[in-house]
Number of protein chains: 2
Amino acid sequence: MNPGDFELIPWIGKTAKLIHIFMNDTLSRHEVDLTMQQWIVLFKLQQEDDLTQQELAIITERNKGSLTRLIDTLEKKNLVARIPSAEDKRVNRILLTKQGTKVVEESKPFIQQAMSELQSGMSDAEIKKTIELMKIIQ
Amino acid sequence: MNPGDFELIPWIGKTAKLIHIFMNDTLSRHEVDLTMQQWIVLFKLQQEDDLTQQELAIITERNKGSLTRLIDTLEKKNLVARIPSAEDKRVNRILLTKQGTKVVEESKPFIQQAMSELQSGMSDAEIKKTIELMKIIQ
DNA sequence: AATAATTAGTTGCACATGCAACTTATTGCT
DNA sequence: AGCAATAAGTTGCATGTGCAACTAATTATT
């Protein structure tokens with residue numbers, strides 16, 4: 001076996017971990033009391049509200065158990081609300097609260113700024129290409 | 001802000017997560033009772049034994065608290081042993097047990113096989129380039 | 001209509017993780 | 001020698017995760 005056949009995968013894992021640490025640090029530096037995972041959920045809800053947990057789990061790429069707990073946390077912080085669906089009693093629809101909306105809006109600029117920084121050493125073409133390659137692996 | 005400026009980072013996270021799931025699944029399909037994280041520690045130890053936890057934490061890119069618990073688990077499974085250093089009483093040196101050696105040796109082929117599969121859609125040049133880009137982000 | 005199969009969400013379990021505080025041992029400094 | 005700073009490892013805490021079993025509600029089947 002060629003050692004080169006074996007190397008990309010750990011690099012991706014390492015990079016993902018460092019990104020995660022960096023983003024969480026960005027949040028805490030700006031005194032936003034959220035983890036990156038929580039922030040992502042809020043961000044997706046800002047783009048589209050009134051989703052079921054199922055839909056939100058798919059969009060955020062988590063399994064539903066994981067999402068249940070994220071929503072628990074965000075609900076405790078009064079950033080989202082579970083609204084039982086009238087049509088289907090099994091379903092919750094998730095809404096951003098006013099405070100939740102405020103928090104995303106205020107934090108979005110520097111989160112996006114931080115993400116831009118992370119890829120600032122790469123050209124647009126390189127970014128595009130890398131995304132393609134990530135898709136291949138997936 | 002250009003939406004394109006904002007997209008690579010989540011792709012990397014998603015890819016890393018899927019890789020992680022796939023590799024854990026590979027282990028359990030082959031009835032190896034290890035998580036990928038545990039396997040990586042064993043693999044590094046196979047390459048170089050008799051490391052301190054500190055060194056191992058650096059090599060495996062974990063903080064020391066996290067590593068302590070991984071070693072706890074592996075020690076319980078009799079795959080590694082903590083040997084107190086004679087020169088420095090603060091230090092543990094970590095050794096692979098016979099069983100640990102056996103487990104890595106037996107599982108290495110199909111772990112490497114699985115990793116190769118993951119990047120089989122990419123050319124060597126693409127792999128190399130992507131690793132370069134991961135380094136830039138880091 | 002009654003039963004079976006499916007679906008949304010929750011929960012228990014085991015694991016991994018970062019961070020910070022802590023203990024103990026070592027080294028450096030005065 | 002004595003005290004301060006540093007280093008290795010452990011632990012508590014909060015968080016996140018997948019998986020599988022579970023509950024309750026809905027839909028499909030007979």
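**Sheet and helix packing in chain A**

Tutor: In this predicted model, chain A holds an open sheet of 3 strands in the order 1-3-2, with antiparallel pairing.

Student: What makes strand 1 and strand 2 of chain A the edge strands?

Tutor: Strand 1 (51-52) and strand 2 (80-84) of chain A each pair on one side only.

Student: How do you know that strand 1 of chain A pairs with strand 3 of chain A?

Tutor: Pairing requires at least two bridges between the strands, and strand 1 of chain A is joined to strand 3 (residues 92-96) of chain A by 2 bridges, the two strands running antiparallel. In one such partnership, T52(A) has R93(A) of strand 3 as its bridge partner. Helix 4 (residues 64-76) of chain A packs on the sheet, where it touches strand 2 and strand 3 of chain A, and its direction makes about 115° with that of strand 2.

Student: Why are helix 2 and helix 3 of chain A called roughly perpendicular?

Tutor: Helix 2 (residues 36-47) and helix 3 (residues 53-60) of chain A pack at an angle of about 115°, with their axes 11 Å apart; angles of 65 to 115 degrees count as roughly perpendicular, and the two helices are therefore described in that way.

Student: Which residues of helix 2 and helix 3 of chain A make the contact?

Tutor: Helix 2 of chain A contributes I40(A), V41(A) and K44(A), while helix 3 of chain A contributes L56(A), I59(A) and T60(A). These contact residues divide into 4 nonpolar, 1 polar and 1 charged, Lys being counted as charged.

Key:
Residues numbered from 1 in each chain as written. Chains lettered and ligands numbered in written order. Predicted model: local features only at pLDDT ≥ 70, side-chain atom pairs only at ≥ 80, totals over all residues. Axes fitted to C-alpha atoms, helices over the stretch in contact; angles between N-to-C directions. Helix = DSSP H or I, 4+ residues; strand = E, 2+ residues; numbered from the N terminus. Parallel < 35°, antiparallel > 145°, perpendicular 65-115°, else oblique. Contact = placed C-beta atoms within 7 Å.
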